[in-house]
Amino acid sequence: MDFPMQQPSARKMSGSSARSGAFDMRKQLTPERLTIVMWDQAYLLRHGPGGSFQDFDRVLDETIERGYNTLRLDPMQQWIDLAEPDKILSWPDPKQPYMPWCWNTAVSGPVGRWQIEFMEKVLKRRHDLSYTLSSWWFCGENGPTPRRTPRTHMEAAEMWVELLTQWKSRFGFDGLVYVDLENETPFFLPGFMDRFSKAGEGQIAAPGCYPPGQAQLLTSELNDAMRYLRAEFPELLFTTSIHGDLRWLDLAVEFDCLDVHFYSDADPRWQVRTKFHSAMSKFFTETAWQKDFSDRCMKTHRAMAPMLRAAQRDKLRQFAQWAEARGMPLTTSESWAAWFYIDSPDLDWGWLLDWSAWSVDDAVEFGMWGWTPHNYCQPHFANWQDIAWHQRLTERFLKG
């Protein structure tokens with residue numbers, strides 16, 4: 001799987017604040033604020049013996065202790081059929097020892113049964129925990145044969161309907177905050193990027209906009225899928241998560257909420273200084289690049305932190321304004337500094353944790369419904385053990 005490089009984008013919207021008046025839609029939502037941990041496939045594919053999610057009870061209790069109230073989960077419906085929960089599914093070793101999430105060793109077991117066990121434990125903690133569902137749609141070589149591979153967003157929506165029908169029967173929808181059709185559209189739905197690239201060939205885009213063919217493809221496919229899902233499950237909220245690419249702001253998309261992933265690597269000044277993109281091909285398999293990258297990140301942070309934060313704040317402001325205008329409460333379920341980091345003697349986390357800490361004040365100021373400090377709120381990261389650090393940030397957001 002090739003992970004996407006975020007693209008710098010710029011446009012101008014009028015207005016200086018996110019909230020225009022006394023009405024605050026979050027006050028009528030449950031929970032009123034979301035403190036989110038991004039667990040995706042890891043909650044199942046690191047559940048085996050010795051895995052960081054081996055003990056579901058411990059991990060869920062630790063999550064609550066740190067002040068988090070919302071889990072982002074991938075139900076992996078391309079592989080798991082809840083009607084056959086005891087079917088053994090096997091993933092080979094992906095040969096990616098430095099993969100921060102997903103899975104980094106061979107996995108085999110009744111994963112559907114694990115999912116049921118996990119959700120039953122979540123529902124027992126319903127007073128403290130909610131969750132979202134989000135699909136990455138991994139269907140490549142590193143996994144079992146998919147039950148079905150969606151090639152359009154309507155096909156993905158059809159698979160969601162199948163999954164949600166089973167989900168409602170087995171778990172109900174209590175605590176399900178929203179459903180994310182596809183993680184980071186347009187990058188992860190199998191085959192879609194080929195169609196998306198072709199839709200923009202030979203077209204000239206206005207500044208800050210997608211080419212007309214790409215705008216039409218995104219708008220039509222996503223809106224059709226959303227309408228189908230709403231008609232089947234009017235009681236649920238539906239969205240698709242996106243990069244913090246300002247070109248979305250001119251699209252007439254119909255989301256119920258808005259999950260935007262804001263990252264420093266979208267700023268070309270950060271890219272050039274850290275050489276982030278040149279190291280991407282080595283992230284999961286090599287370590288030689290780490291010391292130089294860490295040094296570059298620290299130097300960039302010391303030199304550019306206020307400027308990078310100001311630019312990120314303006315992007316957040318514009319998305320917050322768009323979200324309010326469209327009636328879409330704004331969340332981020334992965335965000336802020338670098339989308340890739342890992343525990344290593346050569347990687348200094350200081351700059352990344354500084355970035356996470358200031359993100360709370362910006363999220364509060366611009367009226368976000370949901371926030372996460374970084375991509376690494378999982379029990380296999382050393383930062384997870386700094387309980388007081390998490391509590392300071394989650395308490396600040398929840399009370400903001």
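## Helix 11, two sides

Let us start with Arg392 and Lys399, which are exposed on one side of helix 11, the side away from its buried residues. Here exposed means over 50% relative accessible area, buried under 20%, and partly exposed in between, using a 1.4 Å probe and protein chains only. Please keep in mind that this is a predicted model: local features need pLDDT of at least 70, side-chain atom pairs count only at pLDDT 80 or more, and totals for chains, interfaces and linings use all residues. Residues are numbered from 1 along each chain as its sequence is written, and side-chain values use heavy atoms, leaving out hydrogens and water.

Which residues of helix 11 are buried? They are Trp389, His390, Leu393, Thr394 and Phe397. Seen down the helix axis, these buried residues fall within an arc of 115° (taken from the directions from the axis to the C-beta atoms), so they line one face of helix 11. An α-helix has 3.6 residues a turn, so residues three or four places apart point the same way. The buried residues of helix 11 pack against strand 1 (34–40), helix 10 (350–365) and strand 11 (370–371), where contact means heavy atoms within 4.5 Å. Helices (H or I, at least four residues) and strands (E, at least two) are DSSP runs, numbered from the N terminus.

## Helix 4 and its neighbours

Helix 4 covers residues 153–171, 19 residues in total. From its first C-alpha to its last it reaches 25 Å, close to the 27 Å expected at 1.5 Å a residue; the expected span is 1.5 Å times one less than the number of residues. Just after helix 4 comes Gly172, with a positive phi of about 75°.

The buried residues of helix 4 include Trp160, Leu163, Leu164, Trp167 and Phe171. What do the buried residues of helix 4 pack against? Their partners are helix 3 (111–124), strand 5 (130–134), strand 6 (176–180), helix 5 (192–199), helix 6 (212–232) and strand 7 (238–239).

## Strand 9 between two partners

In strand 9 (residues 258–261), Leu258 and Val260 point one way while Asp259 and His261 point the other, and all are buried. In a regular strand the side chains alternate between the two faces of the sheet.

Strand 9 pairs with strand 8 (residues 242–243) in the parallel sense over 2 bridges; two strands pair if DSSP finds at least two bridges between them. Across this pairing, His243 stands opposite His261. Strand 9 also runs parallel to strand 10 (residues 330–331), joined by 2 bridges, and there Leu258 stands opposite Leu330.

## Charged pairs

How many salt bridges are there? The count comes to 29, a salt bridge being a side-chain nitrogen of Lys or Arg within 4 Å of a carboxyl oxygen of Asp or Glu. One of them joins Lys121 and Asp57, with their closest N and O atoms 2.9 Å apart. Lys121 lies in helix 3 and Asp57 in helix 2 (residues 56–65), so this pair ties together parts that are 64 residues apart in sequence. Lys121 is buried, at 18% relative accessible area, whereas Asp57 is partly exposed at 30%. Both belong to a network of salt bridges that links Asp57, Asp61, Lys121 and Arg125.

Another salt bridge brings Arg126 and Asp174 together at 3.3 Å, N to O. This pair links the loop between helix 3 and strand 5, home of Arg126, with the loop between helix 4 and strand 6, where Asp174 sits, 48 residues apart. Finally, Arg269 and Asp267 form a salt bridge with closest N and O atoms 2.9 Å apart; Arg269 is partly exposed at 32%, while Asp267 is buried at 14%.
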